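Please look through the sequence and the model below before reading on. The paragraphs after them go from the whole chain to single helices and then to single residues.

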Amino acid sequence: MKIISNIQDLRDQLRGQNRAAFVPTMGNLHEGHLSLMRLARQHGDPVVASIFVNRLQFGPNEDFDKYPRTFEADVEKLEKEGVYVLFAPTEKDLYPEPQEYRIEPPQHLGKILEGEFRPGFFQGVCTVVLKLFSCVQPKVAVFGKKDYQQLMVIRQMCHQLALPVDIIPAETIRAEDGLALSSRNGYLSTEERAEATQLIQTLKSIQEKVLQGSVNAEALLKLEQEACAHLAARGWAPDYVSIRKRKDLLSATDSDLQADEKLVVLAAAKLGKTRLIDNLEI
């Protein structure tokens, strides 16, 4: 595996590779990331990964400096997966001057849910992803469905900007007890790790109730409120538990529900100092 930090060196290495499959990451790799590498190999060749902790998507009170950086271990894992190139730029490599041009997603998608509670997050994500796409010039790129809204934002960005990149969604990888794998799970204490499964259990409970019978928009709102109250009673600080339409992440109306519109329930909540997100399609 070749490890490259310079953009021009990367382009030289990938010249003529018009079927590259790309997996962008922020490092601290776990089985969820590695599953993305395997899926990428099914859709293109060679597989290119990146590791870059993107300052632009972190808010002023978020964990940029504390974000776990495990580069040597990450390299070993990627080599075992047969990744061809690891693009690992420094901030000076990727942002040699202040990144004054930014990509702003539309408000109806970028300012809801995660965008509401993490202002500027999706602007930072879109900006770095577009720049990484420019550097790698992949045919396909793989993103996990655990970051459901992020996947939709990036897919829409590629569509509206006519980028020649096919976005491949990857199913969420979970631990045996159901917790979605995440780099931030490492922040959890032993007790918090045991409690963390309540997030997916809460989503499963909502999924079951919706599937049991006919529901209207008012009933969905009540399920959301009950879920937040349940988590809060167990010591969580929920940002949201929200049932939305899969196609646009807007709330479902009664007419949407009568038309059997496909739904997804998304959640974000803090357990101690650790913020966890998850989702479940209904």
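Helices and strands are here DSSP runs, a helix having at least four residues and a strand at least two, and they are numbered from the N terminus. With these names a residue can be placed: Thr70, for example, is in the loop between E3 and H3. The model is a predicted one, and every value below was computed from it.

Start with the whole protein. It has twelve helices and nine strands. How does its radius of gyration compare with that of a compact globule? For 282 residues, a compact globule would have a radius of gyration near 19 Å, and the protein agrees because its own value is 19 Å. The C-alpha trace spans about 55 × 40 × 35 Å along the principal axes. Of the 282 residues, 51% count as buried. The contacts can be sorted by distance along the sequence: among those between residues at least 6 apart, 72% join residues at least 24 apart.

Next, the surface and the charges. The protein exposes about 14100 Å², and 48% of this is supplied by carbon and sulfur atoms. There are 35 positive and 39 negative side chains, and the centres of these two sets are 2 Å apart.

Two helices can be followed in detail. Helix H2 covers residues 31-43, which makes 13 residues. From the first C-alpha to the last, H2 reaches 19 Å, close to the 18 Å expected at 1.5 Å a residue. The buried residues of H2 are Gly32, His33, Leu34, Ser35, Leu36, Met37, Leu39 and Ala40. Against which elements do they pack? Their partners are the strands E2 (21-25), E3 (47-51), E5 (140-144) and E6 (166-170), together with helix H3 (71-80).

Helix H7, residues 121-136, can be checked for length in the same manner. Its 16 residues should span 22 Å at 1.5 Å a residue, and the length agrees because the end C-alpha atoms are 22 Å apart. H7 is mostly covered, with twelve of the 16 residues buried. Among them are Phe121, Phe122, Cys126, Leu132, Phe133 and Val136. An α-helix has 3.6 residues a turn, so residues three or four places apart point the same way. After H7 comes Gln137, which has a positive phi near 55 degrees.

Return now to helix H3 and the loop before it. Asp74 is found in helix H3. Is this residue buried or exposed? Asp74 counts as buried because its relative accessibility is 1%, and the cut-off for buried is under 20%. Leaving out residues up to four places away in sequence, Asp74 touches Gly27, Asn28, Leu29 and Ile51. Asp74 and Gly27 are 47 residues apart along the chain, while their C-alpha atoms are separated by 6.6 Å.

Thr70, in the loop between E3 and H3, is partly exposed because its relative accessible area is 27%. Apart from neighbours within four places in sequence, Thr70 is in contact with Asn28 and Leu29. Asn28 and Leu29 are also among the residues that Asp74 touches. For a pair that is far along the chain, take Thr70 and Glu191: they are 121 residues apart in sequence, and their C-alpha atoms are 24 Å apart in space.

Some backbone angles deserve a look. The peptide bond from Asp45 to Pro46 is cis, with omega near 5 degrees. Pro46 is in the loop between H2 and E3. Leu113 is not a glycine, yet its phi is positive, at about 50 degrees. Leu113 lies in the loop between helix H5 (107-110) and helix H6 (114-117), and it counts as buried because its relative accessibility is 3%. Leu249 also has a positive phi without being a glycine, in this case about 60 degrees. Its place is in the loop between strand E7 (236-245) and helix H12 (254-258). Leu249 is buried because its relative accessible area is 0%.

Last comes a residue of helix H1 (residues 7-14), where Asp9 has its place. Asp9 counts as partly exposed because its relative accessibility is 43%. Asp9 and Ile277 are 268 residues apart along the chain, and 36 Å separates their C-alpha atoms.

Note on methods
Residues numbered from 1 in each chain as written. Predicted model: local features only at pLDDT ≥ 70, side-chain atom pairs only at ≥ 80, totals over all residues. Heavy atoms only, no water. Expected span 1.5 Å × (residues − 1). Buried < 20%, exposed > 50% of the residue type's maximum accessible area, 1.4 Å probe, protein only. Contact = heavy atoms within 4.5 Å. Rg over C-alpha atoms; globule rule 2.2 N^0.38 Å. Areas by Shrake-Rupley, 256 points an atom, 1.4 Å probe, with all protein chains shown as cover. Lys, Arg positive; Asp, Glu negative; His and termini not counted. Charge placed at Lys NZ, Arg CZ, Asp CG, Glu CD.
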